[in-house]
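The following exercises concern one protein chain and its fold. Work through each task with the model open, then compare with the solution.

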Amino acid sequence: MDLFQWFERISGNHQRPQEDGSPAVRRRFRFHGRVQGVGFRYEARLIAGELSLTGWVRNESDGTVTAEAQGPEACVMEFVRVLESTPRFRITEIQSEERPVSGEETGFRILY
């Protein structure tokens, strides 16, 4: 069972976004709340892989997690939606900003 099958089973309302050929976007997100020590970075990497996104995720010293995700806008937004819907995370705030698209990445990685 892949991530989307699992999520559909637990949420009952999940749909994989359709790739419509739209240009790639890149967004940086800062997640606040209970996001460290709960597998957030590993889950983010898994979700990004399922959505064919590139970028990275890392823990910050203030207890937040920062991620940059790049790909079709619908997939980037689905990335955030799935993270928000994961029961073991308690995201209290998400800050978002647009970033320039990078042509150098080939995958999504965890930064340490």
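**Exercise 1. Describe how β2 and β3 pair, and what lies between them.**

Solution. Strands β2 and β3 are joined by six bridges and pair in the antiparallel sense. The model is a predicted one. One bridge of this pair sets G55 opposite A69 in β3. The hairpin of β2 and β3 has five residues between the strands, and G63 takes a positive phi there, near 95 degrees.

**Exercise 2. Is G63 buried, partly exposed or exposed, and which residues does G63 contact beyond its neighbours within four places in sequence?**

Solution. Start with the location: G63 belongs to the loop between β2 and β3. Next, take the relative accessible area, which is 27% for G63. Buried would require under 20% and exposed over 50%. G63 is therefore partly exposed. Then list the contacts: with neighbours within four places left aside, G63 touches G33, V35 and Q36. Finally, the C-alpha atoms of G63 and G37 are 9.6 Å apart, with a sequence separation of 26 residues.

**Exercise 3. Set out the order of the strands in the sheet and name its edge strands.**

Solution. Begin with the elements along the chain. The protein has three helices and five strands, which follow one another from the N terminus as α-β-α-β-β-α-β-β. In space, five strands form an open sheet in the order β4-β1-β3-β2-β5, with mixed pairing. The edges are β4 (90–99) and β5 (108–110), each of which pairs on one side only. On average, neighbouring strands of this sheet are turned by 20 degrees against each other, direction ignored.

Now go through the remaining pairs:

- β1 and β4 run antiparallel and are joined by nine bridges; H32 has E93 in β4 as its bridge partner.
- β1 and β3 are antiparallel, with eight bridges; among the partners in β3 are A69 for R27 and V65 for F31.
- β2 (residues 54–59) and β5 run parallel, with three bridges; W56 stands opposite R109 in β5.

A69 thus appears as bridge partner of R27 and of G55.

**Exercise 4. Which strands do helices α2 and α3 touch where they pack on the sheet?**

Solution. Take the sheet with the pair of β2 and β5, joined by three bridges, as the starting point. Helix α2 (residues 40–50) packs on this sheet and touches β1 (24–34), β2, β3 (65–72), β4 and β5. The direction of α2 makes about 170 degrees with that of β5. Helix α3 also packs on the sheet, in contact with β1, β3, β4 and β5. The direction of α3 makes about 145 degrees with that of β3. As for cover, eight of the eight residues of β3 are buried.

**Exercise 5. Why do the buried residues of α2 lie on the same side of the helix?**

Solution. First collect the buried residues of α2: F40, R41, E43, A44, I47 and A48. Around the axis they cover an arc of only 160 degrees, so they fall on the same side of α2. After the helix comes S52, with a positive phi near 60 degrees.

**Exercise 6. Are E43 and E78 buried or exposed, and which side chains do they meet in polar contacts?**

Solution. Treat the two residues in turn.

Step 1. E43 lies in helix α2. The relative accessibility of E43 is 10%, so E43 counts as buried. The side chain of E43 makes a polar contact of 2.8 Å with the side chain of R88.

Step 2. E78 is part of helix α3 (residues 73–85). With a relative accessible area of 8%, E78 is buried. The side chains of E78 and R81 are joined by a polar contact of 3.1 Å.

**Exercise 7. How many aromatic pairs does the structure hold, and which residues form the cluster?**

Solution. There are four aromatic pairs in the structure. Ring pairs connect F29, F31, F40 and F89 into a cluster. One of these residues, F40, is also among the buried residues of α2.

**Exercise 8. What percentages describe burial and contact range in the protein?**

Solution. For burial, 41% of the 112 residues count as buried. For range, consider the contacts between residues at least 6 apart in sequence: 81% of them join residues at least 24 apart.

Definitions and conventions. Residues are numbered from 1 along each chain as its sequence is written. This is a predicted model: local features need pLDDT of at least 70, side-chain atom pairs count only at pLDDT 80 or more; totals for chains, interfaces and linings use all residues. Side-chain values use heavy atoms; hydrogens and water are left out. Rings of Phe, Tyr and Trp (its six-membered ring) pair if their centres lie within 6.5 Å; planes under 30 degrees apart count as stacked, over 60 as edge-to-face and the rest as tilted. Helices (H or I, at least four residues) and strands (E, at least two) are DSSP runs, numbered from the N terminus. Buried means under 20% relative accessible area, exposed over 50%, partly exposed in between (1.4 Å probe, protein chains only). A polar contact is a pair of N or O atoms within 3.5 Å; within protein, one must be able to donate a hydrogen and the other to accept it, and residues adjacent in sequence count only if both atoms are side-chain atoms. Two strands pair if DSSP finds at least two bridges between them. Axes are lines fitted to C-alpha atoms, for helices over the stretch in contact, and angles run from 0 to 180 degrees between N-to-C directions. Contact means heavy atoms within 4.5 Å. The arc is that of the directions from the helix axis to the C-beta atoms.
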